[in-house]
Amino acid sequence: MVAVIKSPADKKDYRYIVLDNGLRALLIHDGEIVDTTQEDAEEAEPVSHSGSSSESGSESEGSDAEGEGDIEAEAPAGGVKKAAAALSVGIGSFSDPWELQGLSHYLEHMLFMGSEKFPDENDFDSFLTAHGGASNACTENATTFYFDCKPSALQGALQRFSQFFVAPLIKADALEREVQAVDNEFTGVAQSDGCRAQQLRAHTARPGHELSKFGWGNRRSLAQEPAAAGVDVRGGLVRHYTQQYSAERMNLVLLGGETLDELEAWVRDEFRGVPGGRGPRPSYAEAGFPFQGGRLYCLQAVRQAHHLQLTFQLPCLHAEYRKKADDYLSHLIGHEGRGSLLSALKSRGWASELSGGVTEQSTAFYLFDIVISLTEAGLAHGSGAGLACVELVFAYLELLRKSGPQKWAWEEMANVAAMKFRFQEEDDVSNLVTNLSMDMHRYPPEHTLVGDYVHELWDEKLIASLLDSMTPQTVRIDIQTSKYEEVCKALASEIPDIKQGVEPWFDFQYVEAVIPGDLLERWQGARATEDMSLPPPNHFVPTDFSLCCEEAKLPAEEGPFPAPPALLVDEPGLRLWSKTDSTFRLPRTTAHFRLSSPALYDTPASAARAHLLLKLLEDRLCETSYLAEVAGLNCNTWFEGRAGIDIKVEGFSHRLPALVDAVFGTLRELDVTEEVFARVLEGLQLKYRNMNMKPHKHATYLRLLSLKESMWQASDILKELDAMTLADVRAFLSSLLGDASHTCHLEALVHGNVPPRATLDLARSVRSVLGPCATPASARPLERAVELPAGGPLLHRAGVRNGEEENSVAEVYRQAGRDGVRARALVDLVEQLVGEPCYDTLRTKEQLGYSVHSGMRLTHGLLGFAVVVVSGVHGPAYLESRILEFLAGFVSTLRGMHEEEFENHRAAVISAKMLKHRSMVEEADGMWEAVTSQKYDFDARAREVEVLQQLTLPEVKAFYEECIAPSASTLRQLSVHVVGKAHQAELSADAGEGVTLLSDPSSLHQRLPLADLEATDPGAPMGVPAAGPQSDAPAAKRLKGA
């Protein structure tokens, strides 16, 4: 039996097996998996288990009377984890027949539509939803299916899942619905710059090459054109399944709490029926490279941006994974430190971002992309088509060739990779099983877990040969720009023979050209400039991995919920929370900081200056933070509007204080040149100009704009940015952190491998650097939200930002009262109960659109529930009508629900609430959420579980009918319609009887009462439960006009 190499920090057990039919399986036993209940185990077939549940005398609200035998879910003592599985088939879009392009993607959809053993189309999803799980799939060069669920439901889920690959029905009556789903998915990305660029590469690949296939598929490729050609689509699906879905091409990963022997028995029993005999997955080694070198393409960008991409075709490196030669090139070319290619581009004002690395792998080729985000100056320099940057790229590649492969740099990479693997943290279970199932296609059994990290063979000849192949003669260049017409003219002035074309699936214009020989020669002769050099050794690589919890002899933390942090300091200007980890016992730390001041957001100008200040800080720190990131130490910043500026530093604890000092020291002394200011300002202006280009994000923005007391419109902030000068930012920083300023407050949370004394020293150091922060915590800006009026619904409508966008959105939001433990538990239960039927009805059956979501919304102390549908076919008015019809019909569903079904859902919610944190940073982020909400309810999950155990089905029914159902007498509804290209008439249509139109959603807070955050959940900061049930907010005054 092969021993699978695992991290020393990994407590799970592994077993790699091969079934008689050739299917490979990786079995994972996690001894920490504890289930919340056993009552759903009877769903596993053919084995039957009796449910175990306790009857409780749960009390009715306001009464001492006993309940009528209500089922109560019991919480486990040690927290829970989810179980999961994934199966990756080594077949993808490369295997699509030419007459049915997108067939692999279509078949992926169809396999969810029932099997001989479980014929109901919705059986699998319904089972998972009732047991706290979810599923999905993706099609690329392989097709991968995955799910997660409560541990006790794993066997039942696996029985259903296995039948996808044993005996799927591929129902004729599901063909139309699922081809519409595929088409909806395609429509959803039709205005995506990344997807359009990817499809241009496919369209312009060599004719007949597998890469040239239209892998997405849509109605035209999978229904209309096949029908016209007399192609039997269902026959093609069945044939594709029988010819390609062979057991030898499949990798299964199964993760559960059962023993390895039990998991193996399940796998052998459920998957032995998968047909085999078709041999290993196809190899496309004979296909060769997809592109002709020395070619240039240009296409229109939807967003306001300019991207330059250089693509180099490398041989398949699957067999060379121990050498990490492509990672070595990615490390140096994508480096952001001093002397790097990006640093040289930035110093000239030509670029803001750069990435480099392999983006696509197959048995025929690897594609190595260098992607540069150009500034206006970078686009305009030279010929005006961004080609000046290309010369710098080849100059840097020449530096690498001339310097030769650097073994010390590779060894540094190997050291960091080994360190990350040694102290590896747990991943999300769905991500884990999915990634491992795909990795099994590339790595031998023993390296399944370590393949991405292993550096065993230094091969300078391989590195040199790859570098030698990255030449002007072999490069493919793609320019994607919002100044398409101007760039095409500039290209025509430099390149005489330019051809125009139209990409047939996405329907956009592009130009292509053979790069002239004189230009290739100029690039071939490019030499490194004075500001280019190899990176220095990385001083952020840690060497001290000692654990302070062991030095202090701290016992391991037990129980399902982590202990709260300690409040070390609470004084004007500083509040500090600290917790030394004794659970994960890894040399990692997370430090959160929030700098608050009314001056950061009191006007649109202040907001613009604060956001730009943060972007200037990020840019100034770029070379430092990149070195830290390479060494496993990450720094992230966010502008949180009125709440302030957030800075998070996390990773290996040894060098963390040095990075924190660098961040805040740089902020305190921040100053830049006019050239840097102009480059960073341009980037932030583009961010605001491109904001809300995706309709669903636009809808969310408009809902928040309506509800939040203080939220400046993006357009107002952009106006301020357009008029801003460097002097404005300098003055703003001086007023914020200057000696005369006392308006700032710093709140911090430090959690991990750090003792309280060191935490205190770190926070004191930061505060001393920032200056005289003296504002007490009670004087910080308080964020509040509007309480919607009961009765008639409100509606705001807006057109899509991109005039060519076909998708529309309807977001229907129901406000459910002030946040409290009981109220949140009720909304969580409604989310669980509604989620799958909503998706099944609106997406699967009615095919309104590819994206259908429902769930809780929590906005500054106010709870809500929303249903969102994105459609490329229907307008928002129709989408809302279907949403309301579903919500109304769900009243009957609840009234007819049996206690056993309700208990399954309640147990699923409890299980989700009791999921153990996977990592130290996840635990820290959860505590930070309690801090930034200013509720400090660190025990909120534990208290909600207690409430969930007592809630009854009648209480949930009553809540739904009072707050969510369209017939609710206290209904507080806000609808947001984002109107796509084909439905613009809706913008001026009658809103309907009783509906109040909002012309300016940002003014709503001036007419309606605001929720008092401090009153949402009375009690001490540590989260004392409210004395009684949380009621709805007081009746708000009727909105007469907006």
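Good morning. I begin with one pair of residues: Asp-369 forms a salt bridge with Arg-201, and the closest N and O atoms of the two are 3.0 Å apart. Please bear in mind throughout that this is a predicted model.

Let me place that contact in its setting. The domain assignment divides the protein chain into four parts. Domain 1 comprises residues 13-31 together with 79-272, and domain 2 comprises 295-428 together with 446-525. Domain 3 covers 563-779, and domain 4 covers 785-1011. By these bounds Arg-201 belongs to domain 1 and Asp-369 to domain 2. Between those two domains the count is two salt bridges.

Which elements supply the side of domain 1 that touches domain 2? At least two residues each come from strand 1 (13-18), helix 4 (175-189), helix 5 (193-203) and helix 6 (219-228). Helix 5 gives the largest share of that side, with eight residues. Arg-201 itself falls within the bounds of helix 5. As to chemical character, the residues on this side of domain 1 divide into 13 nonpolar, eight polar and seven charged.

I turn now to the interface as a whole. The centres of domain 1 and domain 2, taken over C-alpha atoms, are separated by 32 Å. In contact across the boundary are 28 residues of domain 1 and 28 residues of domain 2. The size of an interface is often given as the accessible area lost when the parts come together. Here the area buried between domain 1 and domain 2 is about 2400 Å², and carbon and sulfur atoms give 60% of that area. Polar contacts are present as well: 11 residue pairs are found across this interface, with both residues at pLDDT 80 or more.

Finally, I come to the annotations in the UniProt record, which is an unreviewed entry. It places "domain: Peptidase M16 N-terminal" at residues 81-207. That span is 43% helix and 16% strand, and its end C-alpha atoms lie 49 Å apart. The record also lists "domain: Peptidase M16 middle/third" at residues 421-720. Over that stretch the chain is 40% helix and 19% strand, with the end C-alpha atoms 47 Å apart. A further UniProt annotation, "domain: Coenzyme PQQ synthesis protein F-like C-terminal lobe", covers residues 829-928. This span is 61% helix and 19% strand, and 25 Å lie between its end C-alpha atoms.

To return to the opening pair, Arg-201 also lies within the UniProt span 81-207. Thank you.

Technical notes. Residues are numbered from 1 along each chain as its sequence is written. This is a predicted model: local features need pLDDT of at least 70, side-chain atom pairs count only at pLDDT 80 or more; totals for chains, interfaces and linings use all residues. Side-chain values use heavy atoms; hydrogens and water are left out. Domain bounds come from an automatic or database domain assignment. Contact means heavy atoms within 4.5 Å. Buried area is the accessible area (1.4 Å probe) that two parts lose on being put together, summed over both. A salt bridge is a side-chain nitrogen of Lys or Arg within 4 Å of a carboxyl oxygen of Asp or Glu. A polar contact is a pair of N or O atoms within 3.5 Å; within protein, one must be able to donate a hydrogen and the other to accept it, and residues adjacent in sequence count only if both atoms are side-chain atoms. Helices (H or I, at least four residues) and strands (E, at least two) are DSSP runs, numbered from the N terminus. Ala, Val, Leu, Ile, Met, Phe, Trp, Tyr, Cys and Pro count as nonpolar, Asp, Glu, Lys and Arg as charged, and the others, Gly among them, as polar. UniProt positions are given in the numbering used here, feature names are shortened, and annotations may be inferred rather than shown by experiment.
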